[in-house]
Amino acid sequence: MSDVILLGSGGVALHRRRRAERWFQRAVFAATMVGLVMLVVLLTQIGRQGLTWLSARFLTAMPSMNPHQAGILPALVGSVYTVTLTGLLAVPLGVAAAIYLEEFSGRGRLARAVEVNIANLAGVPAIIYGMLGLALFVRGLQLGRGVLSGALTLALLVLPVIILASREAIRAVPSSLRQAAVAVGATPWQTVRHHVLPAALPGILTGVILALSRAIGEAAPLVVIGAAGYVSFLPNSLHDRFTALPIQIFFWSGMPRREFQNVAAAGILVLLAVLLSMNALAVVIRQRAARKLRWS
Amino acid sequence: MHRATTLPPPAEALAGTHPLRARRGHAWGEEGIRRALALAALLSVGITTAIVVVLCGESARFFSHVSWREFLIGTRWAPLFEPPRFGVLPLVVGTLHVVVGSCLLAVPVGVGTALWLSEYATERGRACVKPVLEVLAGIPSVVYGYFAVTAITPVLKRVFTGTEPFNSASASIVVAVMILPLVASLCDDALRAVPRSLREGAYAVGATRREVCLQILLPAALSGVTAAVVLAISRAIGETMAVSLAAGNLAQLSLNPLRSIQTMTGFIVQVSQGDTPAGTVEYQTIFAVGLLLFAMTLTMNLVADAVFRRFREVYE
């Protein structure tokens, strides 16, 4: 800190320091613009390659080795099935775990261990969950390389995210609400069921939607459990081979024929549209909740 | 009031038929629900255990065929060839390519972004840039892979002759874009946690903003910034789809970023795309590589957590 004072002496030094300040300001501003520019370039590239290939036929056709006839229907259907099932599996478990950790567990050593464990699970690379799913569901339980195995694997992947988001939402409920419920004789579960959960619901839903939009874009675990890149039928059962949007995009991006880049870009547009509508839903829920519930 | 409290309790209450009693009475129900909720919380411990058991179990079978020495010290990785070679070093070096490359790019840019956000930006500037970072963080990995193949690699080819169609430079650039939001927002949090008094003290003795940033704030937030960098490294190690599209599938020991490499995650994806019969050595290979990957990211996450804890102790 003594540097600062020493630098302050003398007119030339001041001039130099001001110039350094201007350059520094430009540098950090330029750094900030890098992210913005990257996003613009990325979206332009996708739009330039994909928009002309996007059509009703693309949405309703099966994949094909001919890029001009390739469609995305099985991937779209596979993704919708998988994410719906993932939500049905992971949301009740995640919210239940969050309720336990926030409302019932106290501050014991066990609760602390579970907390640390969940934080660490959230940092495990997605592909490791794929290997767990491969060994556990595909090989161990013989569930096949289908939607069910995929959904179970993705459920394990998003569970920590849902728990963390739900805990935050539950923690934001003011304790006066709990005290009021307990004061009129509600049991702990009645307090949670009738007061804490309804108040925390918008926050939980927002977290759930964000977690599921992560699941819908995740390809690595599905590739490992064996989701196929070329499926020309819609899954009839939970055990049929299936594909999903990010997997389909992965295979198209890796094709040597250049036209497939355009097909991949069109697929990305579909994926981004799905993600965008899910996020819009989250924003709407958050805003409606903010209008309804006021704590102060 | 006084009379009411001295009344004996109603007989029904003692017998358990009082309406209040009846409503509160499901002690087993309460306890059952509590247990069910606890079970859900313990499931997360089960997942961790399952990950460790699966990775260690299959790896143990792998190491009954291949020695530890060959796996960790061998310099050739060719498990699918005849005769197979199991030196994991090329994959680790491939992963390090991406980690070093992406961090060299993302850390200065991310820290710069954080400094601009916390020290220079107006409220409106923040409100514009923060959503951009959130969108960048929300874009799926495979989309970045497409971007690397279709946009970054062609540019690299035009600038550097001798760029291979798949190369680690392209993967590093795209992973840098992916971890940029993480570095920027964690560093921003760390910088904003530095007490105002420190800034004001420096400005009072005539420091410029640059001097405050470089000589006061960054040293004060150093542990938070370090934690952010370590987490970014962990993310880069585990990054899969973008890297496997951009960097190729050629496991070779090379320091040239313009050549094709293979990362640990890329190898797992490559083997998974073929049909791997359980019990074969190649099926077990991906678990051995996976175990190494898991150990590396877990170590990084624990280090980040330890560093971050220190940082929180300073001001609270």
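A residue counts as buried here if 20 or more other C-beta atoms lie within 10 Å of its own, as exposed if 12 or fewer do, and as partly exposed in between, with the C-beta atoms placed from the backbone. The model on screen is predicted, so local features need pLDDT of at least 70 and side-chain atom pairs count only at pLDDT 80 or more, while totals for chains, interfaces and linings use all residues. Residues are numbered from 1 along each chain as its sequence is written, and chains are lettered from A and ligands numbered from 1 in the order in which they are written.

**Stop one: helix 6 of chain B**

Select residues 89-120 of chain B, which form helix 6; helices (H or I, at least four residues) and strands (E, at least two) are DSSP runs, numbered from the N terminus. Of the 32 residues in this helix, 24 are buried, so helix 6 of chain B is largely enclosed by the rest of the structure. From first C-alpha to last it reaches 44 Å, close to the 46 Å expected at 1.5 Å a residue, where the expected span is 1.5 Å times one less than the number of residues. Now centre on B:Cys103, where helix 6 bends by about 30°, the bend being the angle between axes fitted to the seven residues ending there and the seven starting there.

**Stop two: B:Ala251**

Move next to the loop between helix 13 (241-247) and helix 14 (264-273) of chain B, where B:Ala251 lies. B:Ala251 counts as buried because it has 25 C-beta neighbours inside 10 Å. Leaving aside residues up to four places away in sequence, B:Ala251 touches B:Trp77, B:Pro90, B:Leu91, B:Gly94, B:Gln262 and B:Phe267; a contact requires C-beta atoms, placed from the backbone, within 7 Å. For a distance label, choose B:Val225, which is 26 residues from B:Ala251 in sequence and 33 Å from it in space, C-alpha to C-alpha.

**Stop three: where the chains meet**

Show both chains, and select the 74 residues of chain B that are in contact with 73 residues of chain A. The largest share of this side of chain B, 19 residues, comes from helix 4 (residues 27-65) of chain B.

**Stop four: chain A**

Finally, isolate chain A, which has 12 helices and 0 strands. Its radius of gyration, at 25 Å, is well over the 19 Å that the globule rule gives for 296 residues, so chain A is more spread out than a compact globule; the radius is taken over C-alpha atoms, and the rule is 2.2 Å times the number of residues to the power 0.38. Buried residues make up 45% of the 296 residues in chain A.

Notes. Contact = placed C-beta atoms within 7 Å.
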